[in-house]
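Colleague: Could we go through this model together, one question at a time, with the terms explained as they come up?

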Amino acid sequence: MRGKVYLGLVHYPVYNKGGETVATSVTNFDIHDISRTCKTYDVKGYHIITPVDAQIELTKRILGYWQDGFGGQYNKDREEAFSTTYVTESIEETVKGIEEIEGKKPLIITTSAKTYPNSISYSKLSEKIFDDDEVYLLLFGTGWGLIDEVMSSSTYILEPIRGSARYNHLSVRSAVAIILDRLLGEN
Ligand SMILES: C[S@@+](CC[C@H](N)C(=O)[O-])C[C@H]1O[C@@H](n2cnc3c(N)ncnc32)[C@H](O)[C@@H]1O
């Protein structure tokens, strides 16, 4: 069912360039741009996932400015975009929160620029989202992407986006916009 799609932007656990598992910093671009994209495609909740206290505090301060502060009064469209953006400390906490709202655990869908043997196509996942009663949590990585354990614990891995070139390393903001359009857009 289309109205039960959630999105998580994972800042931990993700890889760094050296293949180590790290926590990355939240960027202002990702707070704003992904909130706006999620609202446009009717995503029920956008979860910015970070366990780092200083990052949680900073992100909440920025969200508060647009959700309850002067920013929201000044720009109502931005206030609306931020109305379903949250900070959560882990993937597990995000899943638990969604389960409390929906009464069932979400199916986890992970995304990557790499191909995995058990990848699902956009058309197949889109069909499922529109036809079944499941709740979905789409996870996107930061840094050098989601760690293998997160990839392998998901229900489905989405096939990578490909343009017309071999290069396919998109910014996470671009990947979110393209994927939401492929899964939930008018076509
Ligand atoms: C690895 S992070 C890169 C973060 C980086 N700091 C940035 O520029 O935004 C990008 C995330 O976007 C998604 N992504 C990037 N390229 C993709 C592609 N070709 N197909 C599917 N998802 C992709 C994945 O979720 C990936 O973990």
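Modeller: We can begin with Gly 103, which is exposed, having a relative accessible area of 63%. Here buried means under 20% relative accessible area, exposed over 50%, and partly exposed in between, with a 1.4 Å probe and protein chains only. Please keep in mind that this is a predicted model, in which local features need pLDDT of at least 70 and side-chain atom pairs count only at pLDDT 80 or more, while totals for chains, interfaces and linings use all residues. Residues are numbered from 1 along each chain as its sequence is written, and side-chain values use heavy atoms, with hydrogens and water left out.

Colleague: In which loop does Gly 103 have its place?

Modeller: Helices (H or I, at least four residues) and strands (E, at least two) are DSSP runs, numbered from the N terminus. In these terms, the place of Gly 103 is in the loop between α5 (91-102) and β6 (107-110).

Colleague: Is Asp 42 buried, partly exposed or exposed?

Modeller: Asp 42 is found in the loop between α1 (28-40) and β4 (45-49), and it has a positive phi of about 60° although it is not a glycine. With a relative accessible area of 46%, Asp 42 is partly exposed.

Colleague: Which residue is joined to Tyr 12 by a cis peptide bond?

Modeller: The residue in question is found in the loop between β1 (5-10) and β2 (14-15). The cis peptide bond, with omega of about 0°, joins Tyr 12 to Pro 13.

Colleague: How many residues surround the ligand?

Modeller: A residue is counted as near the ligand if one of its heavy atoms lies within 4 Å of it. The closest are Thr 111, Ser 112, Ile 161, Asn 168 and Val 172, and the residues that surround the ligand number 17.

Colleague: Which helix gives the largest share of the shell around the ligand?

Modeller: The share amounts to 3 residues of the shell. They come from helix α8 (residues 172-184).

Colleague: How far is an oxygen atom of the ligand from an N or O atom in the side chain of Thr 111?

Modeller: For the ligand, a polar contact is a pair of N or O atoms within 3.5 Å. A backbone N or O atom of Leu 170 lies 3.3 Å from a nitrogen atom of the ligand, and one of Val 172 lies 2.9 Å from an oxygen atom of the ligand. For the side chain of Thr 111, the distance to an oxygen atom of the ligand is 2.6 Å.

Terms used
A polar contact is a pair of N or O atoms within 3.5 Å; within protein, one must be able to donate a hydrogen and the other to accept it, and residues adjacent in sequence count only if both atoms are side-chain atoms.
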